[in-house]
Amino acid sequence: MLLPVSGVGMNSTMDDMNLIQQAQRHHLVRELGEELDLEIGPGDDASFANTPLIGGPPREPSSEEHDETKQMVMVSQLPSDDQDMSKMQASKRKKKVVKRWREEWADTYKWAYVDVKEGTARIFCSVCREYGRKHRRNPYGNEGSRNMQMSALEEHNNSLLHKEALRLQMASKDKIIVDKPIYVKALMSKTAGSIVEAALKRDPHEIEFIQSVQEVVHALERVIAKNSHYVNIMERLLEPERIIIFRVPWVDDRGETHVNRGFRVQFNQALGPCRGGIRFHQSMTLSIAKFLGFEQTLKNALSPYKLGGAAGGSDFDPKGKSDNEIMRFCQSFMNEIYRYLGPDKDLPSEEMGVGTREMGYLFGQYRRLAGHFQGSFTGPRIFWSGSSLRTEATGYGLVFFAQLMLGDMNKELKGLRCVVSGSGKIALHVLEKLIVYGALPITVSDSKGYLVDEDGFDFMKISFLRDIKSQQRSLRDYSKTYARSKYYDEAKPWNERCDVAFPCSSQNEIDQADAINLVNSGCCILVEGSNMPCTPEAVDVLRKANILIAPAMAAGAGGVVAGELELNHECNLINWSAEDFESKLQDAIKQTYQRTLKAATDFGYQKESPEALVHGAVISAFLTIAHAMTDQGCV
């Protein structure tokens, strides 16, 4: 701050120098980077530009800073005309703000973020996406002070604009900043569009859930057009019956405490008790839990068994954790959720990151807390003598479904090139059954890239892949043993020449560019092994190219069928042979396939249409749930 020449001015300048030196001694001054204009008008106080930041790395003052300090001292000794000119130059310099400072400020206060508007970096509100002085307590923009930042936060939170934006996203507690815009499909019916619009207003930041809702509503347009009563049913269906969010504290092997967030969404129980997976993955959010629960509700309704749908999990990553750490986490997770589980309430099953080991720990703690052995979780080799093919059922069912589709086209899997993504339980069992049918599976993938073997996989190679995964090694190690194989880093398998694709990794793994690669590679059928593997843009590309899509809610019904066979008391008295179990699984998949096609044709979709199976599966599942909800009244 520069004042006219006087003793007071000299003292003020010396005080400023002392403050700067003191800040340097306590490491409060950051290195300055590129300077950008901040929106400062005439009469604004730009003194915040010189305010030091807290927590910067220590550094020695540069020679330039020493020179600038000397100039400040000399200014007070200049004649008045020269002093006025120096004041103008100094004031001009103070109307600058540092880009790095802005980014760190936004990182410190999560309610704000930095973006470029009309060529200038601005500080935006994370909720209402606005910027400017209306988000500051002081109209002159004194954001440099830590106290003023907190005051600005309080003022912003009390603004009407912020409150309105906050009201629209209160249901989503997991994430405030949206990483990408939501892709909104154009709907022919205004009534159907109103359903999506209501979901967007209620949960604007739940990207995965909104995407799932849009796909379902798009498939139901003809159903809603015939009977407007289904609009109210759909609005009730889109709101889960119960959402449980809880903390999961656990202690690692070093004695350090960690806290994760747990979810369980019991979406709908109109048809019966809930069944649905538990996912342990660092990307797990409320949006993903709701999307998985919604998809599971429709999948269970489409299966031969009338069940409700649920899903849940945690943002816990089991990779790299010891058995004891995973056991402690699973026990802590079950301590909170057990009161909502039971054979007549909700029984969880395996999902991403949850296998035999995790299900065993979860069920053991549930049995201990519940005090009885009633019921069991759906997973392999846990306290029951039932079918031994629970893990294989989903993967085998995908191949059975593909065979049914090809049979209607007078084709078969034998000799067809197949690309598979993922390398977990479902993907590896898809490989097994493809080999049995004489197909040539050539790819698997993980989070770092994909592996292609032009000779195709066989049972010995699959066993080697299992060893690699069990030891938590990279698929790259496979190519060191088999010379004809190659591992591609940071890539996906969808550009490999193929006839049938089996995405078995995670949601939205196929984007628009991947869909174009699939079309160019000659793919004619896509069988969804994971829930919602394609982005909306990718779906549009595949449909325009007339690629048949087998939806996960129909093709993935094998896991539901196997789980119910295991939990059925009469079936548990019988030790199924592999042949008997596969026969029952094939019958159930065939029933699901026929129900899907019948629903599609009833509402005017041609059997050969790429939309027939997707829309038919949704229609059949929804009508089953809607009739039950209508009979039970408004509950």
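**Notebook: helix packing and three buried side chains**

I began with H18 (residues 512-520) and H19 (residues 536-544), which pack with their axes 7 Å apart at an angle of about 20 degrees. That angle makes H18 roughly parallel to H19. The model is a predicted one: local features need pLDDT of at least 70, side-chain atom pairs count only at pLDDT 80 or more, and totals for chains, interfaces and linings use all residues. Residues are numbered from 1 along each chain as its sequence is written, and side-chain values use heavy atoms, with hydrogens and water left out.

My terms for helix pairs come next. Helices (H or I, at least four residues) and strands (E, at least two) are DSSP runs, numbered from the N terminus. Axes are lines fitted to C-alpha atoms, for helices over the stretch in contact, and angles run from 0 to 180 degrees between N-to-C directions. Under 35 degrees is roughly parallel, over 145 roughly antiparallel, 65 to 115 roughly perpendicular, and the rest oblique.

**Entry 1: H18 and H19**

I looked up the handedness and found that H18 passes H19 in a right-handed crossing (the near helix is turned clockwise from the far one by less than a right angle; anticlockwise would be left-handed). On the H18 side, Gln512, Ala515, Ile516 and Val519 take part, and they meet Glu537, Ala538, Val541 and Leu542 in H19. Contact here means heavy atoms within 4.5 Å. By class, the contact of H18 with H19 has 6 nonpolar, 1 polar and 1 charged residues (Ala, Val, Leu, Ile, Met, Phe, Trp, Tyr, Cys and Pro are nonpolar, Asp, Glu, Lys and Arg charged, the others, Gly among them, polar).

**Entry 2: H8 and H24**

I then checked H8 (residues 207-219) against H24 (residues 612-632). Their axes come within 8 Å and cross at roughly 90 degrees. H8 and H24 are therefore roughly perpendicular to each other. Val216, His218 and Ala219 in H8 meet His615, Val618 and Ile619 in H24. I count 4 nonpolar, 2 polar and no charged residues in the contact of H8 with H24.

**Entry 3: Ser620**

I stayed on H24, which holds Ser620. Ser620 is buried, at 9% relative accessible area (buried is under 20%, exposed over 50%, partly exposed in between; 1.4 Å probe, protein chains only). Beyond its neighbours within four places in sequence, Ser620 is in contact with Leu302, Arg595 and Ala599. Ser620 and Ala301 are 319 residues apart in sequence, yet 8.2 Å apart C-alpha to C-alpha.

**Entry 4: Tyr230**

Tyr230 sits in H10 (residues 229-237). Its relative accessible area is 11%, so Tyr230 is buried. Not counting residues up to four places away in sequence, Tyr230 touches Val223, Phe622, Leu623, Ala626 and His627. The C-alpha atoms of Tyr230 and His627 are separated by 9.7 Å, with their positions 397 residues apart along the chain.

**Entry 5: Ser423**

I found Ser423 in the loop between strand S10 (417-420) and helix H15 (425-436). Ser423 counts as buried, at 8% relative accessibility. Its side chain and that of Lys469 are joined by a polar contact of 3.1 Å (a pair of N or O atoms within 3.5 Å; within protein, one must be able to donate a hydrogen and the other to accept it, and residues adjacent in sequence count only if both atoms are side-chain atoms). A polar atom of the Ser423 side chain also lies 3.0 Å from the backbone oxygen of Ser445. Among the residues that Ser423 touches are Leu428, Val444, Asp446 and Leu475.

**Entry 6: whole chain**

I noted 24 helices and 17 strands in the protein chain. Of its 635 residues, 51% are buried.
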